[in-house]
Structures are given as C-alpha cells and as structure tokens.
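Hello,

Here is the structure for you to look through. My notes follow below.

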Amino acid sequence: MAKKIVIVGGVAGGASAAARLRRLDETAEIIIFERGGFISFANCGLPYYIGEVIQERAKLMVQTPESMKARFNLDVRIYSDVVKIDPEQKKVTVNSKDRGVYEEEYDALILSPGAKPLKPPIPGIDSRFIFTLRNIPDTDRIKSYVEQEGIRSAIVIGGGYIGVEMAENLRHRGLEVSLVEAAPHILAPFDSEMVAFAEKELEDNDVRLFLNDGVQSFREEEKGISVVLQSGREVHADLIILAIGVKPDTDFLKDSGIALGTRGHIVVDETMQTNRESVYAVGDAVEIKDYVLGSQGAIPLAGPANKQGRIAADRICGLSSTYKGTQGTAIIKMFNLTGASTGSNERTLARLNIPYRAVYVHPSSHATYYPGAKPIALKLLFNDEGLILGAQAFGQEGVDKRIDVIATVLRLKGTVHDLAELELTYAPPFSSAKDPVNMAGYLAQNVLSGQTEVVHLKDIDTLDPEKQVLLDVRTQAEYDQGHIGGALHIPVDELRSRMMELDPDKEIYAYCAVGLRGYIASRILNQNGYKVKNLTGGYRSYSMASYKPDK
Ligand code: FAD
C-alpha cells in the first residue's frame, strides 16, 4: 500500500524533504501543512527585497503550491496550522482557514516548523512601530512602512546576521540607521578582534553602532518610537527592526510526548528521527550535534535545514543517510565587505577550555601585480595535532572561496598540513601560486614545528618591559604612519647590521604589517641567539583589534 507522509512546515526543510520523497517514491501520498500562505519562499532573500536589491517580489517565491503539485504531485495545504500531534494514533490535528479543525493520519511524519523571532517582555515591545522579519507578510509590512511618506530613520536591535543585513538594506533605502547590540560586539560567530572589520565597514557606511548596550524599554512618541538603553541613552527613530535571535516554533508539540531540549528544540538522532516512531524533525527547530565540539546545540541555517530534510526523506524511503552535525559555516555581506566563518571561534574554545592555537594571515585575494587585488584577513584555529577547529575571514573579494575550502577540509577532519598541501586553482586574476589557504597552512605548520613562535594581541597588553621588548621591523614610512606604543624600530632589511641594539637578555616580540617580515626577522634573530616571537597578524590585526566604533 502507498505510504502516507505528512510534513509540517513548507519552507526550507519541509519543501526539501517533500521533493526528495517524491523523487524516491512516486506512489507515496505526501501532504504538506503550512501555517502561512506561502511555501518554499526565499527567507534569505527577504532583507534584499526590502532594500530593493531584489526588485521583484515574485522572485522570492521559489515554488508555489501549484508548481509543487505540477512537478512533484504534492498535496500542499496552506493556511493550515498543525495544532496537535498524537504519535500513538499517528495523526495530526489541523486548524485550516478553509476547512476548520480536522485530523489527518500518517504513516510517517516530518516536522520542519522552523524558528520564530524572540520577543522578550521588554516594556513597550508590542508597539506598532516595532517589526520582526521571518516571512513574506512580515516583509510586506516592513517594506510598505518604509515606503510611507516621511519615514527617515530606523533602529535595528540585534547585531546578528539578519540585523546586519537589515541595517545595510535600510541604508540602501536611504534611511538613517542605528544598530543596537547588547553584547560588546556584533556577529557572535566572529571573534572580537576580527569583527572590528565589520563594525568599521558599517560605520564607514553611516550605520551608527551602539555596542554593549541592551534595551531597557521602548517608548512610543507622537511620531515614531524611542529606545531607552541600559546605559540610559535614548535613540529615536520612525521604526524598529527587532532581530535579537530566534526560538524554535515548537509550542504545538508540548503535550505530544516528543522529546524537546531545554530551549524547546526537538531532540533527534543522527537519522533525524525523534523519540517517537516514524516521527522525524529537521531544520531550525531541532537540536543538532556541533560538528567540531561534539556537544548538542542549535544553529539555524538554511543549508543544514535542506540537508536534514533530504536525510529524513531518505530514511522514510529506506535509505541509510545520516546527519553528522553542523559546523556553522556562514557568510555575510556588509556593503563592500564580506565576512565568513566555519567551525568554532576562539571565544568558545577558550570558554570550554579546549586547547587551541590561533594564527592570522593577511594575504591578497589574487596576485598583487594583477589589478584589483584586495586584502583578506584570515584567522585559523587548530589544535596541537594540527586538526582544524575553525576559521574566520573578512575581505572584499575571495573570502567565500577561502572559507569554503577550509570548511571542506574541516568537514573531512583534515589538518593544517592538508591546507598547506592543497593544490588550488591559480592564475593571476584569481589567486596566487601560494593561495591564502596554503599561507594559513604554512604558518600553522611553522607554529606547530616550532619554526616560529607566535604571540597574540593579548600578549602585547601584558608585556613586561623588564623582560620583553617590542620590535617593529617595518619601513620608516610605515612606522611613521602608526605603530604600537613603546616599540623599538629596526626595519627588517637593516636587522643584520643593527641587531647589537637589541638586549640579548630580553625576549623580542617582532611585528610587521601582517606577519611575514616579522617571521623573517624572527628567523634572522633566532639563528643569532636571540629569543624571538612573532606577532601573528602583525600591525594590521593590532590596529583592527584596537578599533573602537564611535557612538
Ligand atoms: P522555515 O524555513 O522557517 O519554515 C518553517 C515553516 O513552518 C514556516 O513557514 C512556518 O509558517 C511553518 N510552521 C511552523 N509551525 C507550523 C505548524 N504548527 N503548522 C503548520 N506550519 C507551521 N540562513 C542561511 O543559511 N543563510 C542566510 O542568508 C539566511 N538568511 C536569512 C534571512 C532571514 C530574514 C531569515 C528569517 C532567515 C534566514 N536564514 C538564513 C535562516 C534560514 O532561512 C533558516 O535556517 C531555514 O529557513 C530553516 O528552515 P526550516 O524549514 O527549519 O524553517
């Protein structure tokens, strides 16, 4: 007999599961229940439609119920809210706009209800001037409000991916934009010294940043709304976008017997099955294994949701696919800058007392003699065995490629030696004979083999002038433009003739612009009996880490 498969939620995970199910089983009866009026829409494109980068609303609709019926013979029921699940009887209760409340039985069930925006009970949060962004109706509401006569300013609360994308797109619409973030920095997946690139880019594009300052309350005014911050400061605007994170949309599962985690995420095994037989769950609503740390967590991203949907479908159709975890590979555009990351960051590794090493390189996106090369700031995290734990990069070009390559090696449990060995495409317009990924691998290898000892920015703060000396090995012109306070200056090309100026009893912390000349200096001095460490990332990392956004 043909199987009857019910899917709750018709967007990323749900639609992906449905299409795969049909490709595997032409006879199954497949019903998708979707609470809203749209299925398979481009959630990730919504901020760009508000910003008019994507101009046609229709382009957001990747599929419609009609197109899914024609191509995949799916029974898509929109405006159908699944309000209850009974895994004993294998049936769901649906509250439908057209058909009222009814029940539907299933042989297998896939839950992909996603996550909804957080709205904590802050005084004034229900104001009509506060918007959240999850779906097409939210998008329409924000866009039509922005287009009203006299709307000039917006405050984005929350510096995560959606908040930053909204800030950029509202600037595109000509609004004055402020961004408020309770944490010391925006974009939590990045470490603070790296994320300074993003904060500078936002400020350079007139997004006013309020960091380390949470919201105390909202107050509606005659025109617009004010936000009162924890510091007592007040910011006023015509509208507010609230983007402080999401929580799983799983309230309807509370009495179902389906196991939920402490924050309401559905607990699944590596086949995406819940604790109840024939009930699978995927996407933002599920708890996943962190691929690097092995711990349970939640990482709401479209790629994992799609992959998990496919795996649940495979399982229902008897295939043996498994989900091995999420590494959190993500990317964001901010005006002319791209930021991307994969795996763990230093903050998390340090908090969990996981031993790690970090190096920074600042290579160019392609050969510098070919026009248009742009610097890339790349941070690589790895352990004493060379296993890659994470990477982060910022730059105007080629960031996506480098992080994708490292993400691939990380997924294959590769090491920094693999990064050094990778043979990647090269011609001057595209890369260098030693790709930035190779460069990061070489530096990490040098650190592991003891060829170079590195110091980090935090070591500069705790430098003891009785025991250590900072040595700037850049040119006179570079030194004059800015240097780290207290540094001795001997350009690398003069080092062999001037090394007697250095105290052999002191440890030398050498630095250059990005780390390369510092490494050469450390090799010269080490071989002459000096004890030298090289500041990884050099003055460029130092100056970005010292960047303080204006308020
Ligand atoms: P969703 O795609 O949210 O789908 C869940 C659906 O289930 C919803 O339509 C909901 O109405 C429906 N539903 C919920 N409960 C019920 C119920 N009881 N009955 C019936 N229907 C129900 N990720 C990236 O990787 N890159 C990006 O650039 C990116 N940008 C984003 C931008 C925005 C503005 C947003 C909101 C998200 C973005 N994401 C991005 C996240 C990505 O969209 C999600 O990770 C992905 O959509 C999750 O898929 P899902 O199937 O779990 O949930």
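How do the residues of the shell around the ligand divide into nonpolar, polar and charged? There are 15 nonpolar, 7 polar and 6 charged. Ala, Val, Leu, Ile, Met, Phe, Trp, Tyr, Cys and Pro count as nonpolar, Asp, Glu, Lys and Arg as charged, and the others, Gly among them, as polar.

First, the ground rules. This is a predicted model, where local features need pLDDT of at least 70, side-chain atom pairs count only at pLDDT 80 or more, and totals for chains, interfaces and linings use all residues. Residues are numbered from 1 along each chain as its sequence is written, and side-chain values use heavy atoms, leaving out hydrogens and water.

Now the ligand. It is surrounded by 28 residues (a heavy atom within 4 Å). The closest are G13, E34, S112, D284 and A302. A polar side-chain atom of E34 lies 2.6 Å from a ligand oxygen atom (a polar contact is a pair of N or O atoms within 3.5 Å). The protein covers 88% of the 990 Å² of accessible area that the ligand has on its own (Shrake-Rupley method, 1.4 Å probe). Strand 4 (80-86) gives the largest share of the shell, 3 residues (strands are DSSP runs of E, at least two residues, numbered from the N terminus).

Next, the sheet. Its 5 strands form an open sheet in the order 3-2-1-7-18, with parallel pairing (at least two DSSP bridges between two strands). Strand 3 (75-77) and strand 18 (279-281) stand at the edges with a single partner each, so one side of each has no neighbour in the sheet.

Best wishes

Notes. A polar contact is a pair of N or O atoms within 3.5 Å; within protein, one must be able to donate a hydrogen and the other to accept it, and residues adjacent in sequence count only if both atoms are side-chain atoms. Helices (H or I, at least four residues) and strands (E, at least two) are DSSP runs, numbered from the N terminus.
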